Amino acid sequence: GRKWTYNGLDGEHDWPTNYPFCGGAFQSPIDFQTHLLRYDPNLPPIQVQNYNLSTSEQLTLGNNGHSVQLSLPSHMYISSLPHRYSAAQLHFHWGSSNLLTGSEHTVNGKQFAGEMHVVHFNSDKYPNVSMAVDKHDGLAVLGVFIEIGEANPAFDKLFRFISGVKYRDQKIQVPAFNIRALLPDRLDQYYRYDGSLTTPPCYPSVLWTVFRKPVTISRKQFLALATALYASFAQDSPSMPLHENYRKSQLPDNRVVLVSFRE
Ligand SMILES: NS(=O)(=O)c1c(F)c(F)c(S(=O)(=O)CCO)c(N[C@H]2CCc3ccccc32)c1F
Ligand SMILES: [Zn+2]
């Protein structure tokens, strides 16, 4: 598709020009304001299967110019939703070295340092993520807020390779590891709403689950993510840093956000 960026020309205000859904309804992210929340006691804890990948498996780590993404095998899946949602990839959104506010979803206006998304597709109905991406029941994305605090060694299994994908379209193979260790310990407390991809083409095809509890990584780990990457190709000059790759909050339109926890 046509190129798009997070700021300046081709920035998010211009996305609807080439990607009409970006100007439509049910857009993500949104701000989880208290008055939008409704407690739903029937929301079950999220259950993930086969997330503990063996180190003999290899995954593709890539820089697609918009984020750093890790391919995931489709034998990983979420089993607690109405359909089986199989894993496709995970990626990150962040601010910059001195902007510790780079999450996409926010809580009463509070922005976290970053956010990780684990993208899954409805493998009961669609053969792969590309066929699912524009269907109303196509995708389920798990969102994890990232805060600066105690280091989390699991993220180093990914971040230690980031210098290998500094420039756009660079890809390397990395040893697989336990992806469950990237999620918070409690998967029973989360925000749930119907939304969209937060990047063009912004299809309103995502069942969002954003965990209430953030994960923490150290400032050193965060800087590895926030300062290592370029959105431009290796041969391009000048190079453009890949940072502040988060979309602004979208209008809730009269959407309700279900929560699995009581305040
Ligand atoms: N925040 S988000 O979860 O909405 C989201 C992204 F923020 C994002 F950057 C990407 S991407 O593939 O890295 C780049 C543009 O799609 C995807 N990629 C998804 C959507 C399209 C697609 C097709 C195949 C594999 C993954 C994806 C995404 F779902
Ligand atoms: Zn994302």
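# Exercises on a zinc site, a ligand and the fold around them

With angles of 99 to 117° among its 4 donor atoms, the zinc ion (ligand 2) sits in a tetrahedral site. The model is predicted, so please read every value below as computed from its atoms.

## Exercise 1: the zinc site

Task: find which protein atoms serve as donors of the zinc ion (ligand 2), and work out where H93 and H117 sit in the chain.

Solution.

Step 1. Start at the metal. The protein donors are NE2 of H91, NE2 of H93 and ND1 of H117, at 2.0 to 2.1 Å from the zinc ion (ligand 2).

Step 2. Check the geometry. Four donors count as tetrahedral if all angles lie between 85 and 135 degrees, and the 4 donor atoms here give angles of 99 to 117°.

Step 3. Turn to the sequence. The spacing of the donor residues reads H-x1-H-x23-H. H93 belongs to strand β7 (residues 85-94) and H117 to strand β10 (residues 114-122); they are 24 residues apart, and the pair links distant parts of the chain.

Step 4. Look at the surroundings: H93 and H117 are both buried.

## Exercise 2: the contacts of ligand 1

Task: which residues come nearest to ligand 1, and how much of its accessible area does the protein cover?

Solution.

Step 1. There are 14 residues around ligand 1, and those that come nearest are N64, Q69, L197, T198 and T199.

Step 2. Take the oxygen side of the ligand. An oxygen atom of ligand 1 is 2.6 Å from a polar side-chain atom of N64.

Step 3. Now the nitrogen contacts. An N or O atom in the side chain of T198 lies 2.7 Å from a nitrogen atom of ligand 1. For H91, a polar side-chain atom is 3.4 Å from a nitrogen atom of the ligand. H91 is also one of the zinc donors, through NE2.

Step 4. Finish with the cover. On its own ligand 1 has 550 Å² of accessible area, and the protein covers 84% of this.

## Exercise 3: pairs of opposite charge

Task: how many salt bridges does the structure hold, and which parts of the chain does the pair K110 and E147 tie together?

Solution.

Step 1. Recall the principle: side chains of opposite charge can pair when their charged atoms come close. The structure holds 7 salt bridges.

Step 2. Consider K110 and E147, whose closest N and O atoms are 3.3 Å apart. K110 is in strand β9 (residues 110-111) and E147 in strand β11 (residues 139-148), so this salt bridge ties together parts 37 residues apart in sequence. K110 is partly exposed at a relative accessible area of 40%, and E147 is partly exposed at 26%.

Step 3. Move on to D137 and K125, a salt bridge with closest N and O atoms 2.5 Å apart. D137 is in the loop between α2 (129-132) and β11, while K125 is in the loop between β10 and α2, so parts 12 residues apart in sequence are tied together. Here D137 is buried, with a relative accessible area of 11%, whereas K125 is partly exposed at 44%.

Step 4. Add R186 and D188, which form a salt bridge at 2.8 Å, N to O. R186 is partly exposed at 40% relative accessibility, and D188 is partly exposed at 25%.

## Exercise 4: backbone details

Task: where do the cis peptide bonds at P29 and P201 lie, and which residues have a positive phi although they are not glycines?

Solution.

Step 1. S28 and P29 are joined by a cis peptide bond with omega about 0°. P29 is in the loop between α1 (15-18) and β1 (31-32).

Step 2. The bond from P200 to P201 is also cis, with omega near 10°. P201 is placed in the loop between β13 (190-195) and β14 (206-211).

Step 3. C202, in the loop between β13 and β14, has a positive phi of about 60°. C202 is buried, at a relative accessible area of 0%.

Step 4. D10, in the segment before α1, has a positive phi of about 65°.

## Exercise 5: a buried serine

Task: is S232 buried or exposed, and what does its side chain reach?

Solution.

Step 1. Place the residue: S232 is in the loop between α4 (219-227) and β16 (257-259).

Step 2. With a relative accessible area of 2%, S232 is buried; the cut-off for buried is under 20%.

Step 3. The side chain of S232 reaches the backbone nitrogen of M240, at 2.8 Å.

Note on methods: Residues are numbered from 1 along each chain as its sequence is written. Chains are lettered from A and ligands numbered from 1 in the order in which they are written. This is a predicted model: local features need pLDDT of at least 70, side-chain atom pairs count only at pLDDT 80 or more; totals for chains, interfaces and linings use all residues. Side-chain values use heavy atoms; hydrogens and water are left out. Donors are N, O and S atoms within 2.8 Å of the metal (3.2 Å for Na, K and Ca); water is not among the atoms, so sites may look incomplete. Four donors count as tetrahedral if all angles lie between 85 and 135 degrees; four count as square planar and six as octahedral if opposite donors are over 155 degrees apart and all others between 65 and 115; anything else is irregular. Helices (H or I, at least four residues) and strands (E, at least two) are DSSP runs, numbered from the N terminus. Buried means under 20% relative accessible area, exposed over 50%, partly exposed in between (1.4 Å probe, protein chains only). A residue is near a molecule or strand if one of its heavy atoms lies within 4 Å of it. A polar contact is a pair of N or O atoms within 3.5 Å; within protein, one must be able to donate a hydrogen and the other to accept it, and residues adjacent in sequence count only if both atoms are side-chain atoms. Accessible areas come from the Shrake-Rupley method with a 1.4 Å probe; for residues, only the protein chains shown count as cover. A salt bridge is a side-chain nitrogen of Lys or Arg within 4 Å of a carboxyl oxygen of Asp or Glu.
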